[in-house]
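Subject: Structure for you to look at

Hi,

Here is the structure I promised to pass on. Have a look at it first, and my notes follow underneath.

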Amino acid sequence: MTIKFFIFLFLTLSIRIFSQEPEKVTFKDTQNFYYKIVPEGKPAGLIMVLPGGGETPEKVMNQIYLDELAVAKNLLVVFPGFEDGDFKMETERKFLDRIAKDMVEKYKISKDQIVIGGLSYGGMLAVKYAEMSVRDKQSYFTPKAIFALDPPLDYEKMYYQLNRDIDRNYSEVAVNEAENLIKEMVAAIGYPDRNRENYLRESMFLYSDKEGGNAIYLMTIPVLIYTEPGIMWQMNNRGRDLYDTNAVSITAMMNLLKLKGHKNAELIIVNDRGVRPEGFRHPHSWSIMDTEECLNWILKYL
């Protein structure tokens, strides 16, 4: 696995040397920014690749080559960088609106030809943007399709899982993350047993709601989600079990969508694919995505 990873990394970096260089776009009124990679001809569509929490666009670009393949198919690719944001993702969603408007106006791309996706928090943002664009009808565009890698989706489930991490006190990394996230979550939407309406309104999916909460607004949007449960890794490195993985909410939401008749909801569960750039195993990584497979799926809708 390690040898394959380094071969992949070498090929990725080799390809990027000969490809068009990303252009960084900054603003005076926000710390948020983005990189864009523009094809030689008129772009046929736009893909926004959203980083995970704490990730930079530069780090994402050094882990994947989706942009390389997409540009070769005459698609414009954007990597947003979020320095400003909030728990409800309102700041981030408005920034995606701003980017999309810039790209549509400058490159004459149709608002109907935009796909968004990302890892972890980036995947959450992709799902939430799509849902809110349908529910509230205030977004600049409704994504043609969305893809996500191992996104947490259910804030209620997340709240109790984070508390389990603290109670178990097995992993310093897990405990620190849990304490910070719970503090932010409670400040933004309160406690799940006292503020259910907030959780129903803000969660991307709510298992305890018969309709799945906001997931119902994905019915007209193609969805592709990758997840690697990595149970033994979770047990050995975080002291977690299956109930604590993102795969629980992901599979529940995708099953609900299929039961409700969604024809273009695709779930891909992988094993032993997650590897971080440093070479160590981690199921919550960009490497769980099959790049060619993901792009071919996107091209079906663009």
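Let me start with a small puzzle: in which loop does M89 lie? The answer is the one between β4 (75-81) and α4. Bear in mind throughout that this is a predicted model.

I picked M89 because of its backbone and its burial: at 0% relative accessibility M89 counts as buried. Phi of M89 is near 65°, which is a positive value in a residue other than glycine. There is another case of this sort, D150, with a positive phi of about 45° although D150 is not a glycine either. You'll find D150 in the loop between β6 (145-149) and α6 (155-168). D150 is buried because its relative accessibility is 6%, and the cut-off for that label is under 20%.

Now the overall picture. The chain has 11 helices and eight strands. For 302 residues, a compact globule would have a radius of gyration near 19 Å, and the chain has 19 Å, so the two agree. If you want box dimensions, the C-alpha trace spans about 55 × 45 × 40 Å along its principal axes. Of the 302 residues, 54% count as buried. The accessible surface comes to about 14000 Å², and carbon and sulfur atoms account for 52% of that.

On contacts: take those between residues at least 6 apart in sequence, and 74% of them join residues at least 24 apart. For electrostatics, I count 37 positive and 42 negative charges in the chain, and their mean positions are 5 Å apart.

Next, the inside. In soluble globular proteins, nonpolar side chains tend to be buried together. Here the largest nonpolar core has 55 residues, and M48, Y155, M185 and M253 touch the most other members. Helix α4 (residues 90-107) gives the most to this core, with seven residues. A second, separate core holds 31 residues, including V60, A145, V270 and Y301.

M48 is a good place to centre your view. Leaving out residues up to four places away in sequence, M48 touches V78, L96, I99, A100, V115, I116, G117 and F141.

Then go to V49, which is found in strand β3 (residues 45-50). V49 counts as buried because its relative accessibility is 1%. Its contacts, again not counting residues up to four places away in sequence, are V60, I64, L66, V77, V78, F79, P80, G117 and W286. For a distance to check in your viewer, V49 and V115 are 66 residues apart in sequence and 8.7 Å apart in space, C-alpha to C-alpha.

I114 belongs to strand β5 (residues 114-119). Is I114 buried or exposed? It counts as buried, because its relative accessibility is 0%. Beyond residues up to four places away in sequence, I114 touches L46, A100, V104, F141, P143, K144, A145 and L302. The C-alpha atoms of I114 and A148 are separated by 15 Å, with their positions 34 residues apart along the chain.

Two residues in helices have another kind of setting. M235 sits in helix α9 (residues 231-238). M235 is partly exposed, because its relative accessible area is 39%. What does M235 contact, leaving aside its neighbours within four places in sequence? Y170 and R240. Along the chain, M235 and Y170 are 65 residues apart, while their C-alpha atoms are separated by 9.6 Å.

The other one is E184, in helix α7 (residues 172-189). At 39% relative accessibility, E184 counts as partly exposed. E184 and W286 are 102 residues apart in sequence and 25 Å apart in space, C-alpha to C-alpha. You've met W286 already, as one of the residues that V49 touches.

That's what I have for now. If you open the model with a short list in hand, I'd go through M89 and D150 for their positive phi values, then M48 for its place in the largest nonpolar core, and then M235 for its contacts with Y170 and R240.

Cheers

How values were computed. Residues are numbered from 1 along each chain as its sequence is written. This is a predicted model: local features need pLDDT of at least 70, side-chain atom pairs count only at pLDDT 80 or more; totals for chains, interfaces and linings use all residues. Side-chain values use heavy atoms; hydrogens and water are left out. Helices (H or I, at least four residues) and strands (E, at least two) are DSSP runs, numbered from the N terminus. The radius of gyration is taken over C-alpha atoms; the globule rule is 2.2 Å times the number of residues to the power 0.38. Buried means under 20% relative accessible area, exposed over 50%, partly exposed in between (1.4 Å probe, protein chains only). Contact means heavy atoms within 4.5 Å. Accessible areas come from the Shrake-Rupley method with a 1.4 Å probe; for residues, only the protein chains shown count as cover. Lys and Arg count as positive and Asp and Glu as negative; His and the chain ends are not counted. The place of a charge is taken as NZ of Lys, CZ of Arg, CG of Asp or CD of Glu. A nonpolar core is a set of buried Ala, Val, Leu, Ile, Met, Phe, Trp, Tyr and Cys residues joined through side-chain atoms within 4.5 Å.
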